[in-house]
Amino acid sequence: MLSERMGKMVYGGDYNPEQWERAVWDEDMRLFKKANIDFVRVNIFSWALSQPDEVTYQFEWLDEVLDFLYEHGIKVGLGTSTAAHPAWMARKYPDILRTEFNGQKRKFGGRHNSCPNSPSYRQFSTRLVKKLVERYKHHPAIMLWNISNEFGGACYCKNCEKAFRVWLKERYGTLEALNQAWNTRFWGHTFYEWDEIVSPSLLSEHFAENRTMFQGISLDYARFNSDSMLACYLLEYHEIKREIPDAIVTTNIMGAYKPLDYFKWAKHMDVIGWDNYPSIDTPISYSAMMHDLMRGLKQGQPFLLMEQTPSQTNWQPYNSLKRPGVLRLWSYQAVAHGADSVLYFQMRRSIGACEKFHGAVIEHAGHEQTRVFKEVANLGEELVDLTDTLLQSTIRAKAAIVFDWENWWALEYSSGPNESLRYLDQIHKYYAALYKQNIQVDMIGVEASLDSYDIVIAPVLYMVKPGYAKRIETFVANGGTFLTTFLSGIVDENDRVTLGGYPGELRTLLGIWSEEIDSLSPEHTNQIVMKQRFGSLEGTYSCQLLFDLIHTEGAEVIAEYGEDFYKGRPAVTAHSFAKGEAWYVATDPEQSFVDELMREICLKRDVRPLVEPKKGIEVSKREKDGKEFLFILNHNAEEEFVNVGDHSFKNLFTNEVISKQLTLEGKGVALLERL
Ligand code: GLA
Ligand code: ZN
């Protein structure tokens, strides 16, 4: 892991010395030292600079940068530069240019937009990496290899279409199997030759980005697109690993970025590194969830916070500054959830083009007398003082939320039953309920083992992949508590409905049959009426969007609908199943209902808050070698008193011993080691 090689929390970020004169570099070094910056990512977008034409490579500038950084004690994450192809390449090899969803062929411009199935792109990118590896494999400054940058988007060109057919042949073997999986007798789609298959886009199956007439086809194209980019990543990855087997190789990813199945990618990443750009009104619990999701990609391992802005971005509609203290607060939020680094985009604010208004450690003023620089420098000093205390420490959660990219794609590609349904919102609703309770959560994929959890929640588990229902049954049979919601158990991995009654393969476990699904626009609500008190849950709550009309088949009714022709029918059920319990929430409840339901379910399972919950106070725990570190984050602007329970702690920032109560300034952070 990178942090172990560095011996401390990694601190620094993206650095673009090639945009500046040599004299500026010296000033950069003085300022880096002042801020205790010890790691930079370089060569992220320098392909055009390093390769002026098809045969010439000029790395002298990069030699100079790497040697210079090394002399100044700065370690490097070396980019491979393949995220923005050179203009000459686009002109000479237009297959490198993407075709948009609407069929438009792109010209040169922007970045992150090479066609992943372009033979030219694959050849030139691999060749570039080979050159970089040959030249720098022994360079002592390099600690990490960063492939490309934020892979993303999609292409619909001829080459991609051809590659899609190859991918399909591999997945299905025969056209018969494919026709079946896609249910092509619907609307006369039977395919007799592989070449009849075209990519699903606005020119074919789609009538809008997310509206497709053939879910199975679009779903496979999403898989194929994610795999195509992964293949580009892997070409570079193997090029590096072949020569430097112990290199740490990764790419910076983007949280809940819909087009790429990061659980699949994570298997090929040596460490997870991700770019966190919340806006001023992103719920804090959402940022926490993203950190947990990124940690969940490689369970039990710390991740890298690869990018964040020290102050503002340029690309949001309103690029608010991080308020005083927030840079530190949000940096520690990442660390609290498992990050072993704090890295910024960018070191020095660029002079032109679209990122000139993007925050940086060194602002256009060019000196250290800025609020932002001072906050960066203070945090740098704290991270030095922390030495290796937290490195490689882990989080042990008793509750897990299941998150699956393919489920997300399939659900939101589906025509009906409700266009306002968003997978992420549903996931966040349940996450937020646990977050508010100071209960730690692992965000897990469908391949993760469920053995170590007491509670597993799978909101809108629309797609149930082969064998997964059985694994959940085993988890519950052994004493686990499982909760799922409306629109779960509906389809298989090809988006084909599991016949015999909803929720399909989950029916026995949940002890219910859902006969019909009502759907209403968000302004029309119904009510969840508690049958009797359940802990703090009593009375009536509002619910919306989707409403399963269910019959119980062994489950106990906890709440019923309050209105409409299904008034009195079950809205929430619980089913005892061997040693465990399986819950079904048949509609989309208001947040307060989910908050209270989750609190009661946790209480029932004795899954306890880390410390007594308080609004705006976030608590997280990392553990290592029998030591426990509690992060207390005050997201409120005012001073808060936090009840830390009966144990004594040492505040590692102030060296104070804390027992019972902690006083925390507005936007403040405490890091408490249990004594
Ligand atoms: C992304 C990119 C960076 C930079 C930042 C700006 O995360 O990886 O190169 O453009 O956005 O916020
Ligand atoms: Zn393409």
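Let's start with one side chain: Arg135 has a relative accessibility of 39%, so Arg135 counts as partly exposed. Buried means under 20% relative accessible area, exposed means over 50%, and partly exposed lies in between (1.4 Å probe, protein chains only). This is a predicted model, in which local features need pLDDT of at least 70 and side-chain atom pairs count only at pLDDT 80 or more, while totals for chains, interfaces and linings use all residues. Residues are numbered from 1 along each chain as its sequence is written, chains are lettered from A and ligands numbered from 1 in the order in which they are written, and side-chain values use heavy atoms, with hydrogens and water left out.

**Salt bridges**

Side chains of opposite charge can pair when their charged atoms come close. Here a salt bridge is a side-chain nitrogen of Lys or Arg within 4 Å of a carboxyl oxygen of Asp or Glu, and the structure holds 45 of them. One of these joins Arg135 to Asp63, at 2.7 Å from N to O. Arg135 sits in helix α6 and Asp63 in helix α4 (residues 60-71), so this pair ties together parts that are 72 residues apart in sequence. Helices (H or I, at least four residues) and strands (E, at least two) are DSSP runs, numbered from the N terminus. Asp63, like its partner, is partly exposed, at 21% relative accessibility.

Here are three pairs side by side.

| Salt bridge | Closest N and O atoms |
|---|---|
| Arg135 and Asp63 | 2.7 Å |
| Lys614 and Glu640 | 3.3 Å |
| Glu628 and Lys621 | 3.3 Å |

The pair of Lys614 and Glu640 also links distant parts of the chain: Lys614 is in the loop between α18 (591-604) and β23 (617-624), and Glu640 is in strand β25 (residues 640-651), 26 residues apart. Lys614 is partly exposed at 34%, whereas Glu640 is buried at 12%. In the remaining pair of the table, Glu628 is partly exposed at 22% and Lys621 is buried at 16%.

Salt bridges also form a network that links Arg171, Asp220, Arg223, Asp404, Glu406 and Lys465.

**The zinc site**

The zinc ion (ligand 2) has the SG atoms of Cys115, Cys155, Cys157 and Cys160 as its protein donors, 2.3 Å away. Donors are N, O and S atoms within 2.8 Å of the metal (3.2 Å for Na, K and Ca); water is not among the atoms, so sites may look incomplete. The angles subtended by the four donor atoms run from 100 to 116°, which makes the arrangement tetrahedral (four donors, all angles between 85 and 135 degrees). Along the chain, the donors follow the spacing C-x39-C-x1-C-x2-C. Cys115 lies in the loop between α5 (87-92) and α6 (119-136), and Cys157 in the loop between β4 (142-146) and α7 (158-172), so the pair ties together parts that are 42 residues apart in sequence. Both Cys115 and Cys157 are buried.

Note on methods
Four donors count as tetrahedral if all angles lie between 85 and 135 degrees; four count as square planar and six as octahedral if opposite donors are over 155 degrees apart and all others between 65 and 115; anything else is irregular.
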